[in-house]
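I opened the notebook today to look through one structure, a piece at a time. Here is what I was working from.

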Amino acid sequence: QVDDGQYGHIDSWRGMSIPQEWLFQKKNIGALSRQAKVLILEADATNGNSLSIWGLQEPKETGELDLDLYEAAQGFSRLRSLVEGTNYDVLRVLLVDADAVFKSGGGRIQSVRDYVTRLGLADVIIDARTPLLHHLDRWLRQRKRNDRHRHGWSLNPFVWSATDLQPVILETPCAKSFGSIKSALGELGHAVMDISHALKRYGSLQDIP
């Protein structure tokens, strides 16, 4: 285990080596690279301690992350130097909220995706937030289409209507999670509310369209 702030120190990686057996064999060797093997390095720079369900909190500064971009870059560099032999390429994969706000020491503000791409800190960026929102939105809309053929109140915790903003009833004891999901789904055309708000707006759960 490497402690926070120690990723760039040689002593932090002392005693570790990566044998050639851990590398992946390439099926086809292109003209731009004659190396027969590739070392795939993955770094998770998401906020694993987030109280928000699925980490759908508002875009945040990367100072809140368990593993920041600099530590990921330093880890990539150190691990690359630990491989036994020289006949290999490296593929650096970074899992992160690509739309999160990154603020440099000089005060420059930009998205994580733009920052990582500009400085070449990773070869592949996996967006940890957008795919979750996409699939949740698709699931809600599919359920709406299915419920169009039904009448009366549904026992499901989510309820939809034919209006532009589809009402979604969400009950959770965590205010941060509720606000996070409400904000995220609101941008996709869903009106997230709790039961008390739904009763006040529609009169009863049975009257929800």
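My entries on rings, a helix and the surface follow.

**Before starting.** I reminded myself that this is a predicted model.

**Entry 1: aromatic rings.** How many aromatic pairs are there? I found three aromatic pairs. I then picked out Tyr-70 and Tyr-115, whose rings meet edge-to-face, with 6.4 Å from centre to centre and 90° between the planes. This pair joins distant parts of the chain, since Tyr-70 sits in helix 1 (residues 69–81) and Tyr-115 in helix 2 (residues 112–119), 45 residues apart. I also noted that ring pairs tie Tyr-70, Phe-102 and Tyr-115 together as a cluster.

**Entry 2: cover on the two tyrosines.** Is Tyr-115 buried or exposed? I have it down as buried, because its relative accessible area is 4% and the cut-off for buried is under 20%. Tyr-70 has 42% relative accessibility, so I wrote it down as partly exposed.

**Entry 3: helix 2.** Tyr-115 made me curious about its helix. Which residues of helix 2 are buried? I listed Val-112, Tyr-115 and Val-116. They span an arc of only 95° around the axis, so they lie on the same side of helix 2. Turning to the other side of helix 2, I found Thr-117 and Arg-118 exposed.

What do the buried residues of helix 2 pack against? My list has helix 1, strand 3 (89–96), strand 4 (101–103), strand 5 (109–111) and strand 6 (124–127). Just past the end of helix 2, I came to Gly-120, which has a positive phi of about 65°.

**Entry 4: a nonpolar patch.** Next I went over the surface. Which residues make the nonpolar surface patch? I noted Phe-24, Ile-40, Leu-91, Val-124 and Ile-126, which together give a patch of about 370 Å². I looked up one member in more detail: Ile-40 belongs to strand 2 (residues 37–44). Ile-40 counts as partly exposed because its relative accessibility is 32%.

**Entry 5: Glu-21.** Last, I checked a charged residue. Where is Glu-21 found? I placed Glu-21 in the segment before strand 1 (24–25). Its relative accessibility is 67%, so Glu-21 goes down as exposed. I also looked up its separation from Lys-37: the two are 16 residues apart in sequence, and their C-alpha atoms are 9.8 Å apart in space.

**To keep in mind.** The residue I met in several entries was Tyr-115: paired with Tyr-70, part of the ring cluster, and listed among the buried residues of helix 2.

Note on methods
Residues are numbered from 1 along each chain as its sequence is written. This is a predicted model: local features need pLDDT of at least 70, side-chain atom pairs count only at pLDDT 80 or more; totals for chains, interfaces and linings use all residues. Side-chain values use heavy atoms; hydrogens and water are left out. Rings of Phe, Tyr and Trp (its six-membered ring) pair if their centres lie within 6.5 Å; planes under 30 degrees apart count as stacked, over 60 as edge-to-face and the rest as tilted. Helices (H or I, at least four residues) and strands (E, at least two) are DSSP runs, numbered from the N terminus. Buried means under 20% relative accessible area, exposed over 50%, partly exposed in between (1.4 Å probe, protein chains only). Patches are made of residues with over 30% relative accessible area and no salt bridge: like charges are joined within 9 Å, nonpolar side chains (Val, Leu, Ile, Met, Phe, Trp, Tyr) within 5 Å. Accessible areas come from the Shrake-Rupley method with a 1.4 Å probe; for residues, only the protein chains shown count as cover. A salt bridge is a side-chain nitrogen of Lys or Arg within 4 Å of a carboxyl oxygen of Asp or Glu. The arc is that of the directions from the helix axis to the C-beta atoms. Contact means heavy atoms within 4.5 Å.
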